[in-house]
Amino acid sequence: MNAVPTPSGREVQHVDLNPQIAHDPASAPIPLFTLPEGQLDAHEAYQLVHDEAMLDGNARLNLATFVTTWMDDWASKLYAETVDKNMIDKDEYPKTADIENRCWRILADLWSAPDPDRAIGTSTVGSSEAAMLAGLALMRRWRAARRAEGKPTDRPNLVMSSAVQVCWEKFCNYWDIEMRLISVSTEHPVLDGGQVRDAVDENSIGVVAIMGVTYTGLYEPVEEICQALDALAAEGGPDVPVHVDAASGGMIAPFLQPDLVWDFRLERVVSINTSGHKYGLVYPGLGWAIWRDQDYLPEDMVFKVSYLGGDMPTLALNFSRPGAQVLLQYYLFMKLGREGYTAVQQATQDVALYLSRELEKMGPFELVSDGSDIPVFAWKLKESYGAQWTLYNLSDRLRGRGWLIPAYPMPEDLQETTVQRIVVRNGLGFNLARDLLSDIEECVQWLDSLDGPIPHEHAQPGFTH
Ligand SMILES: *Cc1c(COP(=O)(O)O)cnc(C)c1O
């Protein structure tokens with residue numbers, strides 16, 4: 001035991017292994033919403049925060065998130081060594097800046113940019129920031145072209161599925177752009193070329209196609225969408241560019257579906273984003289935005305920061321931002337290579353396909369998707385099963401066993417349909433998957449054994465992962 005003097009002069013007794021570390025209950029409670037007057041010993045403050053964080057769910061059992069929850073020990077070591085690097089300090093950390101460039105060049109190549117020397121890209125804090133930048137580039141290019149033709153620029157719209165991720169809603173909201181949504185339906189779970197063709201007009205700054213719809217994990221048919229827009233332009237209609245939101249699929253399709261044509265092989269695809277912290281396999285805080293050619297990134301969006309005596313172009317919404325995640329991405333590119341990424345993503349998909357197949361066999365469930373696009377699948381309750389419970393009840397029940405598997409309504413026009421979804425990530429192996437299946441089975445049996453409707457504490461509608 002050692003006595004630690006505190007600023008108040010009072011001595012606080014500590015034993016390093018004492019589980020009852022928390023604040024002395026006899027003294028004044030620590031305020032929650034005002035800055036405490038005095039100081040705490042670091043040990044005590046650490047324990048306080050550590051203990052509160054302990055009440056969060058277990059990240060590895062969080063099957064709601066797309067974001068990385070496991071990296072190896074070398075990554076943790078590298079992370080700890082580089083956590084102090086600020087991405088914007090290009091002059092001070094020229095190697096990190098250099099590595100950022102190598103990473104986006106690697107992605108441009110992976111996504112078949114026609115001329116890698118003409119491509120341009122950047123890291124971001126996530127796909128949301130990447131979407132803002134790509135959307136702004138679409139808007140600025142449309143506006144410049146309209147102005148050059150002496151046409152009005154006050155009614156821009158962006159065409160996309162109603163199942164887009166919330167970042168596109170934010171983009172349209174923040175920059176006063178009409179969000180032209182095409183509803184998903186049971187017959188049209190994803191956008192198709194015909195729908196897009198009917199929705200675009202001369203005020204369309206672009207079409208967003210999603211590689212990995214967040215609700216279901218399904219790919220949108222980017223090639224078909226581009227072909228429909230090619231035909232429209234060839235007939236003298238508007239010539240509308242496509243941005244691919246490949247937040248999750250951008251790091252799956254090149255490895256698991258290499259023959260699927262969705263990327264810069266399609267001339268109409270001008271930009272692509274992905275989340276380095278999703279299937280890029282890096283901890284949270286990393287996204288990428290890439291343009292097929294510098295011509296698609298208006299120069300007025302690019303700022304210069306000093307770099308090795310000269311200057312370097314940057315584009316980002318934030319100024320300061322952690323640099324460590326970029327180094328972690330490069331670490332994984334070097335460690336895994338094409339072979340390693342293929343192996344990891346394939347193993348993840350094998351688990352997803354196994355889980356969806358077994359879940360379907362259980363009886364109450366009907367698959368909405370099976371995990372064969374990205375390793376994400378969703379299901380609904382079969383009406384014929386006649387369950388007295390809902391997927392919200394099942395979600396609540398599974399939470400009691402540590403599994404975080406959300407149930408949520410589908411987007412507008414399909415709102416009455418409730419689905420439940422599992423995002424399989426690196427770190428959910430076959431053993432855990434088997435345990436999960438038996439937990440689901442036991443929860444179903446328990447719910448079936450109850451009579452009548454069961455209340456639940458489900459999350460608010462408007463699930464936004
Ligand atoms: C996750 C996701 C986003 C947002 O990405 P963040 O990296 O979390 O900002 C955007 N679009 C899609 C399709 C996503 O899955």
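This is a short dialogue about reading helices and their packing in a predicted model.

Q: How many residues does helix H3 have, and how far does it reach?
A: A helix can be read by its residue count and its span. H3 covers residues 94–110, so that is 17 residues at 1.5 Å a residue as the expected rise. From first C-alpha to last, H3 reaches 24 Å, close to the 24 Å expected.

Q: Which residues of H3 are buried?
A: Here the cut-off helps: buried means under 20% relative accessible area. In H3 the buried residues include Thr96, Ile99, Glu100, Cys103, Trp104 and Leu107. After H3 comes serine 112, with a positive phi near 60 degrees.

Q: At what angle do H4 and H5 pack?
A: For a pair of helices, look at the angle and the distance between axes. H4 (residues 127–148) and H5 (residues 166–174) pack at about 45 degrees, their axes 9 Å apart. That angle makes H4 oblique to H5, and the crossing is right-handed. Among the residues making the contact are Met132 and Leu136 of H4, and Trp168 and Phe171 of H5. By type, the contact has 7 nonpolar residues, 2 polar and 1 charged.

Q: Are H9 and H11 roughly parallel or roughly perpendicular to each other?
A: Use the angle again: under 35 degrees counts as roughly parallel. The axes of H9 (residues 324–361) and H11 (residues 430–449) cross at roughly 20 degrees and come within 10 Å. The two helices are therefore roughly parallel, in a right-handed crossing.

Q: Which residues of H9 and H11 meet?
A: Tyr354 and Leu355 are among those in H9, and Leu437 and Ile440 among those in H11. This contact divides into 9 nonpolar residues, no polar and 3 charged.

Methods. Residues are numbered from 1 along each chain as its sequence is written. This is a predicted model: local features need pLDDT of at least 70, side-chain atom pairs count only at pLDDT 80 or more; totals for chains, interfaces and linings use all residues. Side-chain values use heavy atoms; hydrogens and water are left out. Helices (H or I, at least four residues) and strands (E, at least two) are DSSP runs, numbered from the N terminus. Buried means under 20% relative accessible area, exposed over 50%, partly exposed in between (1.4 Å probe, protein chains only). Axes are lines fitted to C-alpha atoms, for helices over the stretch in contact, and angles run from 0 to 180 degrees between N-to-C directions. Angles under 35 degrees count as roughly parallel, over 145 as roughly antiparallel, 65 to 115 as roughly perpendicular and the rest as oblique. A crossing is left-handed if the near helix is turned anticlockwise from the far one by less than a right angle, and right-handed if clockwise. Contact means heavy atoms within 4.5 Å. Ala, Val, Leu, Ile, Met, Phe, Trp, Tyr, Cys and Pro count as nonpolar, Asp, Glu, Lys and Arg as charged, and the others, Gly among them, as polar.
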